[in-house]
Amino acid sequence: MSDRWIKNNLESGEHSISNQWTHIVTQLREDIGEAAYQSWIKPIKVRKIDGGVAKLTVPTRFMRDWVIAHYVEKLSELWGQLNNEVKQVDVEVNADRTARSDPPKVESLQAIMEEPQSVASPTYGNILSAPLDPRFTFENFVVGKPNEFAYAAARRVSEADSLPFNPLFLYGGVGLGKTHLMHAIAQHIKNTAPKRAVIYMSAEKFMYRFIRALREKATVDFKEQFRSADTLMIDDVQFIAGKESTQEEFFHTFNALVDQGRQIVISADKSPSDLGMEERLVSRLNCGLVADIHATTFELRLGILQSKAEQLSAQVPQKVIEFLAHKITSNVRELEGGLNRVVAHAQLVGREISMEATHDVLHDLLRANDRRVTIDEIQKRVAEHFNIRISDMHSARRARSVARPRQVAMYLSKQLTARSLPEIGRKFGGRDHTTVMHAIRKVDELRDADPGFGEDVELLRRMLES
Ligand code: ADP
Ligand code: MG
């Protein structure tokens with residue numbers, strides 16, 4: 001924009017404010033795309049600039065929160081560039097419109113959901129559904145102890161004609177395969193039962209569409225679209241936790257669909273009880289099958305790396321694979337990212353993958369995963385936790401009350417340090433590496449069999465990592 005433009009438009013007054021605004025949103029629109037613009041920016045009204053603060057209003061509280069969370073920073077930046085008197089952007093709910101534009105009362109949506117059924121059009125769902133990643137199939141999903149239950153549940157849902165359980169609630173930490181499993185369900189259904197309409201979308205998208213429907217008074221269409229789904233899958237539902245009425249309305253929609261016998265699949269990063277949602281919603285979510293995906297084990301990481309290396313048709317030395325599986329323990333996404341980088345680098349420089357190159361390429365990633373915990377620290381913490389003496393970590397006593405904590409300490413030593421099995425054995429009173437191996441296997445087994453024990457180990461791991 002030219003200096004003259006700014007100058008002409010800085011003679012204050014309503015007119016120039018609205019010109020500034022037009023200019024700002026034109027830029028923002030390019031940045032955020034048409035859909036987001038229509039939903040969140042277009043409804044904004046500019047009131048005034050007062051004492052360095054640009055005052056904007058939006059029709060609803062929800063929109064205010066959203067605009068503040070997502071766009072205010074960018075808006076003030078753009079505004080500051082245009083008019084350096086503006087130091088801050090303020091968003092408020094437009095008082096005189098609040099009554100009309102707040103999301104409708106729950107009854108109204110419920111009423112909508114209960115309207116007589118029309119013939120569902122399967123294509124509707126396909127249009128509505130977010131694109132699916134063709135790589136996210138059951139075939140490409142590596143199954144191990146931490147995810148076998150979730151995997152089995154997902155398969156069951158994708159193969160069943162009737163509803164085996166409703167909803168299926170998948171939960172687990174970031175990058176552990178929730179989205180992958182959901183896409184796999186959707187694609188399996190599409191391949192084997194193309195007539196069944198599947199809608200997959202993120203909770204964020206769902207909410208955004210919902211809000212838009214409310215604003216455009218198109219809730220009937222909205223409802224129709226979702227009623228056309230035989231299987232509705234909503235990813236990352238934690239996104240709408242704590243979003244007050246939106247959350248409430250979402251679950252009324254959800255309930256209505258369940259009542260109509262539609263399969264629902266939901267994912268979240270927490271269990272239903274930990275989502276911080278209302279009790280009755282939690283119990284609704286708990287009604288179906290709740291399947292969690294645990295943190296990866298070394299074996300699973302190995303399996304995943306091997307499978308990904310094959311998919312990339314890359315020759316990755318076993319040593320490098322093991323090294324990555326040891327070092328990148330945070331989640332599968334990072335693990336995959338690490339492997340991709342190593343492979344891409346090798347192809348780029350036209351050399352074979354080596355340990356040395358791996359170290360070089362993944363320098364930063366490895367450092368982030370490098371916890372620098374010592375075995376001594378681990379022994380000390382674990383001994384404290386289980387209330388035994390540190391000397392018992394080295395002693396020959398085999399009573400379970402000391403043997404078990406010792407095994408946990410060995411297990412954590414393997415997980416959290418770069419020490420080899422013989423090195424770890426030596427630190428535990430000169431034990432053999434097979435003893436350490438046995439301990440690791442034992443702890444893995446117990447973690448799966450006994451959730452209380454699993455939590456103990458997890459807690460210790462987190463304590464040691466921090
Ligand atoms: P989440 O949704 O739980 O955050 P994603 O499903 O997006 O995680 O998974 C992150 C990445 O890790 C994806 O590329 C996915 O394909 C991959 N991934 C996760 N778990 C597995 C698995 N068991 N086997 C193969 N790939 C996996
Ligand atoms: Mg995901």
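A polar contact is a pair of N or O atoms within 3.5 Å, and inside a protein one of the two must be able to donate a hydrogen and the other to accept it. With this term in hand, the reader may begin at a single residue of the structure, which is a predicted model. The side chain of R135 makes such a polar contact with the side chain of D133, at 2.6 Å. R135 is found in the loop between helix α8 (122-128) and helix α9. Is R135 buried, partly exposed or exposed? Its relative accessibility is 49%, and because residues count as exposed over 50% and as buried under 20%, R135 is classed as partly exposed. When neighbours within four places in sequence are left aside, R135 is in contact with N140 and H180. R135 also illustrates how a folded chain brings distant positions together: R135 and A184 are 49 residues apart in sequence, while their C-alpha atoms are 8.7 Å apart in space.

The view may now be widened to the whole protein. The protein has 466 residues, of which 49% count as buried. It contains 24 helices and eight strands. Among the contacts with a separation of 6 or more, 73% are made by residues 24 or more positions apart. The protein exposes about 23400 Å², and carbon and sulfur atoms supply 49% of this area.

The strands can be followed sheet by sheet. One open sheet consists of three strands in the order β1-β2-β3, and its pairing is mixed. Strands β1 (45-50) and β3 (88-93) stand at the edges; each has a single partner strand, so one side of each is left without a neighbour in the sheet. From one strand to the next, the twist averages 25°. Strand β2 (residues 53-58) runs parallel to β3, and six bridges join the two. Within this pair, V58 has V93 in β3 as its bridge partner. Helix α5 (residues 72-82) packs on the sheet and touches β1, β2 and β3. The direction of α5 makes about 135° with that of β3.

A further open sheet has five strands in the order β5-β6-β7-β4-β8, with parallel pairing. Which strands stand at the edges of this sheet? They are β5 (198-202) and β8 (289-293); each has a single partner strand, so one side of each lacks a neighbour in the sheet. Neighbouring strands here are turned by 15° against each other on average, with direction ignored. Two helices that pack on the sheet deserve attention. Helix α9 (residues 148-159) touches β4 (168-172), β7 and β8, and its direction makes about 135° with that of β8. Helix α10 (residues 178-192) touches β4, β5, β6, β7 and β8, and its direction makes about 160° with that of β6.

Strand β6 merits a more detailed account. On one side, β6 pairs with β5 in the parallel sense over five bridges, and Y200 stands opposite M233 in β6. In the pairing with β7, strand β6 (residues 231-235) and strand β7 (residues 263-268) are parallel over four bridges. Here T231 stands opposite Q263 in β7, and the bridge partner of I234 is I266. In a regular strand, side chains alternate between the two faces of the sheet. In β6, T231, M233 and D235 point one way, whereas L232 and I234 point the other way. Five of the five residues of β6 are buried, so this strand is largely enclosed by the rest of the structure.

The last part of the picture is ligand 1. Which residues come nearest to ligand 1? Of the 18 residues around it, these are V142, G175, T179, H180 and E336. H180 has already appeared in this account as a contact of R135. Individual atoms show how the ligand is placed. A nitrogen atom of ligand 1 is 2.8 Å from a polar backbone atom of V142. An oxygen atom of ligand 1 lies 3.1 Å from a polar backbone atom of G177, and a polar side-chain atom of T179 is 2.8 Å from an oxygen atom of the ligand. Taken alone, ligand 1 exposes 560 Å², and the protein buries 94% of that area. Helices also contribute to the shell around ligand 1: α10, α15 (298-311) and α17 (332-349) each supply at least two residues. Helix α10 therefore has two roles in this description, since it packs on the five-stranded sheet and supplies residues of the shell around ligand 1.

Methods: Residues numbered from 1 in each chain as written. Chains lettered and ligands numbered in written order. Predicted model: local features only at pLDDT ≥ 70, side-chain atom pairs only at ≥ 80, totals over all residues. Heavy atoms only, no water. Buried < 20%, exposed > 50% of the residue type's maximum accessible area, 1.4 Å probe, protein only. Contact = heavy atoms within 4.5 Å. Areas by Shrake-Rupley, 256 points an atom, 1.4 Å probe, with all protein chains shown as cover. Pairing = 2+ DSSP bridges. Axes fitted to C-alpha atoms, helices over the stretch in contact; angles between N-to-C directions. Near = heavy atom within 4 Å.
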